[in-house]
Amino acid sequence: APAGPTLRVYAAAGGADAPLLVLRGHAADVTAVARHPADEGKVRDGGGRRRRAARADGGRIAPCRAARPTPSPLPQAYTASLDGTLKCWDLATGRCVSTASVGAPVTGLAVPPRAGVAWLSTLWERGAGRVLRLHLATGVVEGERFKLASPAALSLSAGGGVVAAHERRTVWLWTAAGDLHSPLTIVRTKAVTVRRGSWGVK
């Protein structure tokens, strides 16, 4: 659960007053959290090899601090923040294993499985929004930058193959591993309500 610039991690069967981990490293509020796609449906071995961390400035890991590390084997997770960074956390140790900077406050996040990318909704000048594609292995923003009047919320289809951005009465759809050159646009006469969670397009 985001709590200002920190992320608190709780056991599913535990109480909300006793987090397993408190992850610290962002300089501004955490706005979105996504589970690492490689860990969907399984628990990672806490003693296994960690993937090599990378970021846009040449592969160095930004300094991160974590409180109350736990030896319990847990998956990895991504956090996005208004400080303009995307961080990957090893929840078995509470360590930040990689940081990528996108140069703008991040307000939304979608990390589809098997795509090797993260889609970010960002805030730009004069309140305008941009949707960016970040390559997870390199930490580099690549491809088209989709312009919006304001930052849009992002969500994934049930199978993770389609990403949606939604803003007031408009929804944009595109393939998770593809580009944003010409997304499918759906316009409604009334405001769009998108329920958090999965929806039925593979």
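**Group meeting: a predicted all-strand chain**

Let me begin with a single residue, S157, which is buried, its relative accessible area being 4%. The position of S157 is in the loop that runs between strand 13, residues 153-156, and strand 14, residues 162-167. If you look for L173, which is 16 residues away from S157 along the chain, you will find the two C-alpha atoms 9.8 Å apart.

Before going further, I should say that what you see is a predicted model, and the confidence varies along the chain. The average pLDDT is 77, and 73% of the residues reach a score of at least 70. For residues 41-73 the pLDDT stays under 50, although the model does have 76 contacts there beyond four places in sequence. The pLDDT also stays under 50 over residues 196-202, where the model has 20 contacts beyond four places in sequence. I will therefore not build anything on these two stretches, given that local features need a pLDDT of at least 70.

As for the overall picture, the chain contains 16 strands and zero helices. It has 202 residues, of which 45% count as buried. If we take the contacts with a separation of 6 or more, 48% of them are between residues 24 or more positions apart.

Now to the aromatic side chains, where the structure holds two pairs. One of them is formed by W119 and W174 in an edge-to-face arrangement, with 5.4 Å from centre to centre and 70° between the planes. This pair links distant parts of the chain, since W119 belongs to strand 10, residues 117-123, and W174 to strand 15, residues 170-175, with their positions 55 residues apart. Both partners are buried, W119 with a relative accessible area of 0% and W174 with one of 4%.

The other pair is made by F146 and W172, again edge-to-face, at 5.6 Å centre to centre and with 75° between the planes. Here, too, distant parts of the chain are linked, with F146 in strand 12, residues 140-148, and W172 in strand 15, 26 residues apart. F146 is buried at a relative accessible area of 15%, and W172 counts as buried at 9%. Strand 15 thus contributes W174 to one pair and W172 to the other.

Turning to charge, how many salt bridges does the count come to? The count is one, and the side chains that meet in it are those of R133 and E142, at 3.7 Å from N to O. The two partners differ in their surroundings, because R133 is buried, with a relative accessible area of 13%, whereas E142 counts as partly exposed at 28%.

That leaves a lysine which I would like you to look at with some care, namely K87, located in strand 7, residues 85-90. Why does K87, although buried, have no salt bridge? The nearest side chain of opposite charge is D83, and D83 is 5.7 Å away, so the pair does not meet the cut-off, which asks for a nitrogen within 4 Å of a carboxyl oxygen. The side chain of K87 does, however, have a polar contact of 3.1 Å with the side chain of T99.

To close, I would set the two charged cases side by side: R133 has its salt bridge with E142, while K87 has no salt bridge and is joined to T99 by a polar contact.

Methods
Residues numbered from 1 in each chain as written. Predicted model: local features only at pLDDT ≥ 70, side-chain atom pairs only at ≥ 80, totals over all residues. Heavy atoms only, no water. Helix = DSSP H or I, 4+ residues; strand = E, 2+ residues; numbered from the N terminus. Buried < 20%, exposed > 50% of the residue type's maximum accessible area, 1.4 Å probe, protein only. Lys, Arg positive; Asp, Glu negative; His and termini not counted. Polar contact = N/O pair within 3.5 Å; in protein donor to acceptor, adjacent residues only side chain to side chain. pLDDT = per-residue confidence, 0-100. Contact = heavy atoms within 4.5 Å. Phe/Tyr/Trp six-rings, centres within 6.5 Å; stacked < 30°, edge-to-face > 60°.
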